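The following questions and answers concern the terms used to describe a protein model. Each answer sets a value against the definition of the term.

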Amino acid sequence: MQTIYRPGQWYLIVIPGALVALPPDVPGDVVARLWERLPEDKTLATVVDVLTTHAGGSFTSLPSFVAAVAEGADVRIALRGAVSAQVETGTESLELSGAEVTTWNERFLGGATKIDITVEAPADAVGLPVQGGIVRAAAVSAELEPSDADPLTSALGPAPVVGDAAADAPASEPVAVPEPVAAPEPEPEPEPQSDVEPVPEEPLPVIDDAFLPPTEVTLAPPVDDDFDQLWGATVHSVGGAATPAAPIAVEGDHDGATISAADLRALRQQPPVSSDAPTEVLDVAPAPAAASVGRILLSTGQETALDRTVIIGRRPRSTRASGANLPHLIAVESPQQDISRSHLEVRPEGDTVVVIDLHTTNGSTLLRPGADPVRLHPGEQTLVLSGDVVDLGDGVTVSFEDLP
């Protein structure tokens, strides 16, 4: 990303594939927090999460900002306040503004090639190049490159100290970001000389692994992450109780928790013990069906009763559950990829219903009649009522009906 900025008073965070502009009255720890988190999770959701946390979860208390993040050959940009941006694509040039919006103006633009951001009236100063860091700017222009969407393989350095010293610095100078310095490698010490001829080492004895005692690793079943996530961590079977083996006498300092090689040989030489007890088949009683506390209706026409947890997304996957507790999985189309694979969880809690945004990239918005839209905080439960609607993005909404 080729970036040129004009000096000003706003904080401008520049990393490969991302630009974030914040007003000069934003605390320095917010700027430092974004500098630390963006290299690990270079998404617009990271910027929104840091700013909403600073605002105490209130969207009306959010500061003005501009954030643009490259996603492949595309760009996602959000604006709030008296700021503007011009984005050029292969076919058109778009003018965007953050003024007169309740939360922020968010757009996803395919094939973006250049972004011009203006946060305050720039002075008559020459544009300065910047590859990465935090500078004080009034405007910035960036030409996008294919590599901008690549994840960063390393941290960009320690968080800069942004405070009174940074505010008093000349506007044309970037805030200093220390570069890590690699320590010199010590020179190897010469090996001591000796007149004594070395004694050749004897080869180690070969141990027959057939007589090694079994370990937890050799007896553990293979791990299947997909199976574990879909059906739970443990699979229980029903059957007769196994007959416990006779205890082995402990000699010397044997701890009784392991079997020595000699004991293992003795066990192998013993004849198998058969049991005359017949096998008893136990009937498994089905779990009672949970009562429904209402239903949800998607704008896509899909509908389901809220008798258990529901997970909605492009390719939803269940959390750890099994049997009758297996959640309903509802897959929806998202041509613009605004909806995450597992996007929203709807969970009945007694006679109430809560929704949880599953740490999605683009977030979820709660729309309640007569109230301002509320952005769901990732991972936190939010109570919903009959008539509420949750907007997942890409034109997909979830309506709640017949709730207590």
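**Terms and values in a predicted model**

The chain has 6 helices and 20 strands. This is a predicted model, in which local features need pLDDT of at least 70 and side-chain atom pairs count only at pLDDT 80 or more, while totals for chains, interfaces and linings use all residues. Residues are numbered from 1 along each chain as its sequence is written, and side-chain values use heavy atoms, with hydrogens and water left out.

Q: What makes a run of residues such as 344–349 a strand, E14?
A: Strands are DSSP runs of E with at least two residues, helices are runs of H or I with at least four, and both are numbered from the N terminus. Residues 344–349 form strand E14 and residues 352–357 form strand E15.

Q: How do you know that strand E14 and strand E15 pair?
A: Two strands pair if DSSP finds at least two bridges between them. E14 and E15 are joined over 6 bridges, in the antiparallel sense, so the condition is met. One of the partnerships links Glu 349 with Thr 352 in E15.

Q: Why are strand E13 and strand E18 said to stand at the edges?
A: The open sheet of 5 strands has the order E13-E12-E14-E15-E18, with mixed pairing. Strand E13 (328–331) and strand E18 (381–384) each have a single partner strand, so one side of each has no neighbour in the sheet. On average, neighbouring strands of this sheet are turned by 25° against each other, direction ignored; the axes behind such angles are lines fitted to C-alpha atoms (for helices over the stretch in contact), and angles run from 0 to 180 degrees between N-to-C directions.

Q: Which strands are at the edges of the open sheet of 6 strands?
A: The order is E11-E10-E20-E19-E16-E17, with antiparallel pairing. Strand E11 (303–305) and E17 are the edge strands, as each pairs on one side only. Within this sheet, strand E10 (residues 295–298) and strand E20 (residues 396–401) run antiparallel and are joined by 4 bridges. Arg 295 stands opposite Glu 401 in E20.

Q: What makes a space a pocket or a cavity?
A: On a 1 Å grid over the protein atoms alone, a cavity is a set of points where a 1.4 Å probe fits but cannot get out, whereas a pocket is an open set with protein on both sides within 12 Å along at least five of seven lines. Lining residues have an atom within 4 Å of a point. Grid points are joined across faces, edges and corners, and a volume is the space filled by probe spheres set on the points. By this rule there is 1 cavity of 30 Å³ or more, and the largest cavity holds about 40 Å³. The largest pocket has a volume of about 420 Å³.

Q: How do you know that the lining of the largest cavity has no charged residues?
A: Asp, Glu, Lys and Arg count as charged; Ala, Val, Leu, Ile, Met, Phe, Trp, Tyr, Cys and Pro count as nonpolar; the others, Gly among them, are polar. The lining consists of Trp 10, Tyr 11, Leu 12, Ala 21, Ile 117, Val 119, Ala 137, Ala 138, Ala 139 and Val 140. Set against these classes, the lining has 10 nonpolar, no polar and no charged residues. The largest share, 4 residues, comes from E9.

Q: What lines the largest pocket?
A: Its lining has 24 residues, of which Asp 49, Thr 52, Leu 376, His 377 and Pro 378 lie nearest the centre. H2 gives the most, with 5 residues. By class, the lining divides into 6 nonpolar, 12 polar and 6 charged residues.

Q: Why is Gln 337 called partly exposed, and why is His 359 called exposed?
A: Buried means under 20% relative accessible area, exposed over 50%, and partly exposed in between (1.4 Å probe, protein chains only). Gln 337 has 47%, so it is partly exposed; His 359, at 62%, therefore counts as exposed. Gln 337 lies in the loop between E13 and E14, and His 359 in the loop between E15 and E16. Of the 404 residues of the chain, 34% count as buried.
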